[in-house]
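I opened this entry to record what I looked up, starting with the core and moving outward from there.

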Amino acid sequence: MSQRATFQLDNFIFNDVRLSLNNAKPKNINVDFMPEGVFHQSDKTFDLTLVFFAFEGNDREDSFIKISCIGTFSFENVEVVADIPPFFYRNAIAILFPYIRAFISSLTAQANITPMILPTYNLGELEAPLRDKTITV
């Protein structure tokens, strides 16, 4: 009988935070996410970097909020990146997102503007980009 791989979130850090507003928060806000992953084979950990962008219009590069969060996950029963179960990619994003969501609300409230309260999102579409942008070191 094969043993299923298990994982857990060990730590997270907001390593890059940018808030740039002129007078007030824009009214028509678009958001986007960019995931990337690094599997550390030596200690069987996975660093998920999830970058959040909030911007007006269509230009993500002209964002007024950019937050990068790195979540470190550890595994049992995983030796190489191919051993990572398919459900990890989707679930890791879902586990990390509430921390980003809360941080954005706190950040905008502390900036003395109307807090930005993100709704819950189905971030399942980020699973494929995360797989594509995962490297092993």
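**Core.** I started with the largest nonpolar core, which has 29 residues. Phe46, Leu48, Phe52, Ile84 and Phe88 have the most contacts inside it. I then asked which elements give two or more residues to this core. They are strand 2 (29–40), strand 3, strand 4 and helix 1. Helix 1 gives the most, with nine residues. I note that the model is predicted.

**Aromatic pairs.** Next I looked up ring pairs. The structure holds 17 aromatic pairs. I took Phe46 and Phe88 to begin with. Their ring centres are 4.9 Å apart and their planes stand at 75°. An angle over 60 degrees counts as edge-to-face, so the Phe46–Phe88 pair is edge-to-face. This pair links distant parts of the chain. Phe46 sits in strand 3 (residues 45–56) and Phe88 in helix 1 (residues 86–110), 42 residues apart. I checked burial as well: both Phe46 and Phe88 are buried.

I went on to Phe73 and Phe88. The ring centres are 5.4 Å apart and the planes are at 90°, so this pair is edge-to-face too. Phe73 belongs to strand 4 (residues 65–76) and Phe88 to helix 1, with their positions 15 residues apart in the count. Again the pair links distant parts of the chain.

**Phe88.** I wanted its burial as a number. Phe88 has 0% relative accessibility, so it counts as buried. Phe73 also counts as buried because its relative accessibility is 0%. Which residues does Phe88 contact, leaving aside neighbours within four places in sequence? I found Phe7, Phe46, Phe73 and Phe75. I then followed the ring pairs outward. They link Phe7, Phe39, Phe46, Phe73, Phe75, Phe87, Phe88 and Tyr89 into a cluster.

**Glu127.** I turned to a charged residue. Glu127 lies in helix 2 (residues 127–132). Is Glu127 buried or exposed? Its relative accessibility is 15%, and the limit for buried is under 20%, so Glu127 counts as buried. I listed its contacts, again without neighbours within four places in sequence. They are Pro86, Tyr89, Arg90 and Ile93.

**Pocket.** Last, I looked up the largest pocket. Its volume is about 190 Å³. Ten residues line the pocket. Ser20, Asn22, Pro26, Asp62 and Phe64 lie nearest its centre. I sorted the lining by type: four nonpolar, three polar and three charged.

Methods: Residues are numbered from 1 along each chain as its sequence is written. This is a predicted model: local features need pLDDT of at least 70, side-chain atom pairs count only at pLDDT 80 or more; totals for chains, interfaces and linings use all residues. Side-chain values use heavy atoms; hydrogens and water are left out. On a 1 Å grid over the protein atoms alone, a cavity is a set of points where a 1.4 Å probe fits but cannot get out, and a pocket is an open set with protein on both sides within 12 Å along at least five of seven lines; lining residues have an atom within 4 Å of a point. Grid points are joined across faces, edges and corners, and a volume is the space filled by probe spheres set on the points. Rings of Phe, Tyr and Trp (its six-membered ring) pair if their centres lie within 6.5 Å; planes under 30 degrees apart count as stacked, over 60 as edge-to-face and the rest as tilted. Helices (H or I, at least four residues) and strands (E, at least two) are DSSP runs, numbered from the N terminus. Buried means under 20% relative accessible area, exposed over 50%, partly exposed in between (1.4 Å probe, protein chains only). Contact means heavy atoms within 4.5 Å. A nonpolar core is a set of buried Ala, Val, Leu, Ile, Met, Phe, Trp, Tyr and Cys residues joined through side-chain atoms within 4.5 Å.
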